[in-house]
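Hi everyone, thanks for making time this morning. Let me put something up on the screen, and then I'll walk you through it.

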There are 2 protein chains.
Amino acid sequence: MSEADTKRSDYVDALARGLAVIEAFGRTTPELTLSEVAQITGMSPATARRNLHTLEELGFVKRHNKRFLLAPRILTLGSAYLQAANMDEAVLPELRRIVTLFGDAASMATLEGTEILYIAHFSELRAARRTASVGVTYPAYATSMGRILLAALPPAELAAYWREFRPAKLTDVTVTDRAELTAILEEARRAGYTVSVDQLDYGITSLAVPVKNEAGRVVAAINTSGYSPRLDATKLVEERLAELQVSAGRIAHLLARYPGLAHSLLG
Amino acid sequence: MSEADTKRSDYVDALARGLAVIEAFGRTTPELTLSEVAQITGMSPATARRNLHTLEELGFVKRHNKRFLLAPRILTLGSAYLQAANMDEAVLPELRRIVTLFGDAASMATLEGTEILYIAHFSELRAARRTASVGVTYPAYATSMGRILLAALPPAELAAYWREFRPAKLTDVTVTDRAELTAILEEARRAGYTVSVDQLDYGITSLAVPVKNEAGRVVAAINTSGYSPRLDATKLVEERLAELQVSAGRIAHLLARYPGLAHSLLG
DNA sequence: GAATATATTTTCGTCTAGCGAAAAATAACA
DNA sequence: TGTTATTTTTCGCTAGACGAAAATATATTC
């Protein structure tokens, strides 16, 4: 509509709409009625209905009485990615190693817009509060991995991030001040790691380091995290940083061996 | 086109096409060129291009030189399902418990057409051969969980299965004979468990039991599996069956508590 | 380094697939 | 029972998606 919006003809609106319907189902809204989907996506009931029925026919959505919900088949879409990226062979063993050494949980994430996206995760016990499983996103500014990834952004992209920056006090110690965050990012860049305590949610303490590709560009971050009351930030660094960096190095090394993973993480 | 194919107007072809493009990327073909996608999906190059560009714009696909590949964002589609189903809270702890007790790996799967679909998985070490991660599918007839699920099928649906049954000798001991399989299914139904050795691939031995919903209908299966040379089928049953059934019972119990999971597995 | 073959992008005319508005039917509620 | 909300269907319209084919770019071969 807007004049800046160059009329592109090689774009399939109907596909974008259908995917928007899938994304209408979220953690908070697992089951939706037709009109709810219409409302969330901004589509007319007729359009929402067509899309839902198409997805149902394809097996990605099921209907339980009058409510729609995602079906297990939706998982197949992501698994092709995981297999292609050799996540299980390249990344998971390292995360597992960290968890074996230190307990708690270890993850790998990449930056997706203003959010971090978990692409691998291993935890010994059920996470205390948030269970961070693969595919989940969290605001970058409030996580250790997010801060590592933001710190590595070229100036132009970081500027773009700040433009979209909409902080929220997720806990009462969440850093939401831009100047303060900038200082944290600079320190993270300088030191090559960062620790966050109770930033995303109460009880989560996390140490993250960057994972670089062959060209030296940061393409992902890995972390080790646990329950705050049991972990002192200083001790966390003393005890775990070295091994976490070893894992980051190994994963970085494997990026060369598994181009599927490397490419998928690239810019 | 065919007269049996009632002209349905509430179906969005463009969405089905777009999803087919995503599914064109598989374990064997992680990176595809435009023309490969066109060929796999049977679309014209122009159509394939439009869909790929749409997916790229939305962040689900990336381009590396002339090749397209799935982007991490594709994982978000499945994660809404996993969260809605409370997989991490309801299922994973039980699988973890089994692995803690016996080592190796434990999984949960459901039937999706002629295939089983892994909806949860936990493994201590990297699996010997196949790494069975969430979202992956395998032929039902060649897996212990698949046989449990087939055994529980109502006659009409089992008949439908046999109609689509296209067995392959995945190993030289894979049972592909229908009569022989029928006997295995009957025994599985009678006994409430089944063991398979080197059926899907060499080295995989697996014990599976059904998971039932409140109505007593089998909605999923869980298994414990390991490396064949280290496991004797008889001993596997003796040692692990009881605890596996405990877990199945607990998960069944949790289905009532987590309707998201229950509904998503229903019919 | 031409020449040939392949793959990708663009153009364009066609037409249908998908759209929304509104009516009809159904279900929920009071 | 009446009333409201939700879902489904109908239908006319047109934008949007399609395929064929040309134009361009890229890779391969000799």
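I'd like to go through how the protein meets the two DNA strands.

First, some housekeeping: this is a predicted model, local features need pLDDT of at least 70, side-chain atom pairs count only at pLDDT 80 or more, and totals for chains, interfaces and linings use all residues. Residues are numbered from 1 along each chain as its sequence is written, chains are lettered from A and ligands numbered from 1 in the order in which they are written, and side-chain values use heavy atoms, with hydrogens and water left out.

Let's begin with DNA strand D. It has 16 residues around it, and the closest are Y11(A), S35(A), R49(A), R17(B) and T47(B). When I say a residue is near a strand, I mean that one of its heavy atoms lies within 4 Å of it. So which part of DNA strand D does the protein come within 4 Å of? Sugar and phosphate make up 82% of those strand atoms.

Now the polar contacts, meaning pairs of N or O atoms within 3.5 Å. The side chain of R49(A) puts an N or O atom 2.7 Å from a phosphate oxygen of DNA strand D. From the other chain, the side chain of S44(B) has an N or O atom 2.9 Å from a phosphate oxygen. The backbone takes part too: an N or O atom of A14(A) lies 3.2 Å from a phosphate oxygen of this strand.

Which elements give two or more residues here? They are helix 1 (13–24) and helix 2 (34–41) of chain A, together with helix 3 (45–58) of chain B. Helices here are DSSP runs of H or I, at least four residues, numbered from the N terminus. Helix 3 of chain B gives the largest share, 3 residues.

Over to DNA strand C. Here, too, there are 16 residues, and R17(A), T47(A), A14(B), S35(B) and R49(B) come nearest. Of the strand atoms within 4 Å of the protein, 80% belong to sugar or phosphate and the rest to bases.

Have a look at S35(B): a polar side-chain atom there lies 2.4 Å from a phosphate oxygen of DNA strand C. T33(B) has a side-chain N or O atom 3.0 Å from a phosphate oxygen, and a polar backbone atom of Y11(B) is also placed 3.0 Å from one.

For this strand, helix 3 of chain A gives the most to the surface, with 3 residues. That's my tour, and I'm happy to take questions.

Note on methods
A polar contact is a pair of N or O atoms within 3.5 Å; within protein, one must be able to donate a hydrogen and the other to accept it, and residues adjacent in sequence count only if both atoms are side-chain atoms.
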